[in-house]
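Please open the model in a viewer and keep the sequence panel visible. The stops below proceed one selection at a time.

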Amino acid sequence: MARNIEIKAHATDFKHQLKLAQKMASEPSAELIQTDTFFNCQHLSEANTRLKLREFPNQEAQLIYYQRANQHGPKLSNYHITHTPNAEQLKHTLTALLGVHAVVEKVRTLLMVGRTRLHFDQVKQLGHFIELEVVLNDTDTTSDGEYEAQQLMQHLEIEPDHLIQHAYVDLLNSAR
């Protein structure tokens, strides 16, 4: 299972923080339109497990299974990603099998800083957020990734009180 260290935070000054990130980025940013359909998987024995189908406008999609604790600050995420060229068929099957929990729509600006994915997200009905995902290799410890995340938080002016512990799907459900 792949691993990364993640943080999610409210963007306090989205445009300014994006400019800071662009100065650090190792390549140009990419804008992605994403629709994440979360399926019911509360019946699984492992806590904080989620299954979502991430659809892109070109009909391609990623099925993403992940486990991540709901906590403030840097946290470990274990995940599997499967690419599919036919999102509609897969979504139909998973909906019939599991049922849909919720749908999250967002526009994401993706930047890379070394091995870290920076996401500047405009989430429909929720607002502006920043996510950091420090990708870990087999020999990295969680402390290695947490240290990198903390360093990037300082550069992007993300304070501890800006951090949020829940996934967008949880925030969306709480807002309803």
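The model is a predicted one. Begin with its largest nonpolar core, which has 23 residues. Select I7, L111, L118, F120, L132, L156 and I158, the residues with the most contacts inside this core. Then colour β1, α1 (14-24), β6, β7, β8 and α3 (142-155), the elements that each give two or more residues to this core.

A second, separate core may be displayed next; it has 14 residues, among them F38, A167, V169 and L172.

Now return to I158. Which residues is I158 in contact with, leaving aside its neighbours within four places in sequence? They are I7, A9, Q17, I130, M153 and L163.

Show the strands next. Eight of them close into a barrel, and following the order β1-β5-β4-β3-β2-β6-β7-β8 shows antiparallel pairing. From one strand to the next, the twist averages 35°. For a detail, select β1 and β5 (residues 75-84), which run antiparallel and are joined by five bridges. Here E6 stands opposite K75 in β5.

Add the helices that pack on the sheet. Helix α1 touches β6, β7 and β8, and its direction makes about 160° with that of β7. Helix α3 touches β1, β5, β6, β7 and β8, and the angle between its direction and that of β8 is about 145°.

The last stop is helix α4 (residues 168-175), where Y168, V169, D170, L171 and L172 are buried. To see what covers these buried residues, display elements including β1 (2-10), β2 (30-39), β3 (49-55), β6 (100-113), β7 (116-123) and β8 (127-136).

Terms used: Residues numbered from 1 in each chain as written. Predicted model: local features only at pLDDT ≥ 70, side-chain atom pairs only at ≥ 80, totals over all residues. Heavy atoms only, no water. Buried < 20%, exposed > 50% of the residue type's maximum accessible area, 1.4 Å probe, protein only. Helix = DSSP H or I, 4+ residues; strand = E, 2+ residues; numbered from the N terminus. Contact = heavy atoms within 4.5 Å. Core = buried A, V, L, I, M, F, W, Y, C linked by side-chain atoms within 4.5 Å. Pairing = 2+ DSSP bridges. Axes fitted to C-alpha atoms, helices over the stretch in contact; angles between N-to-C directions.
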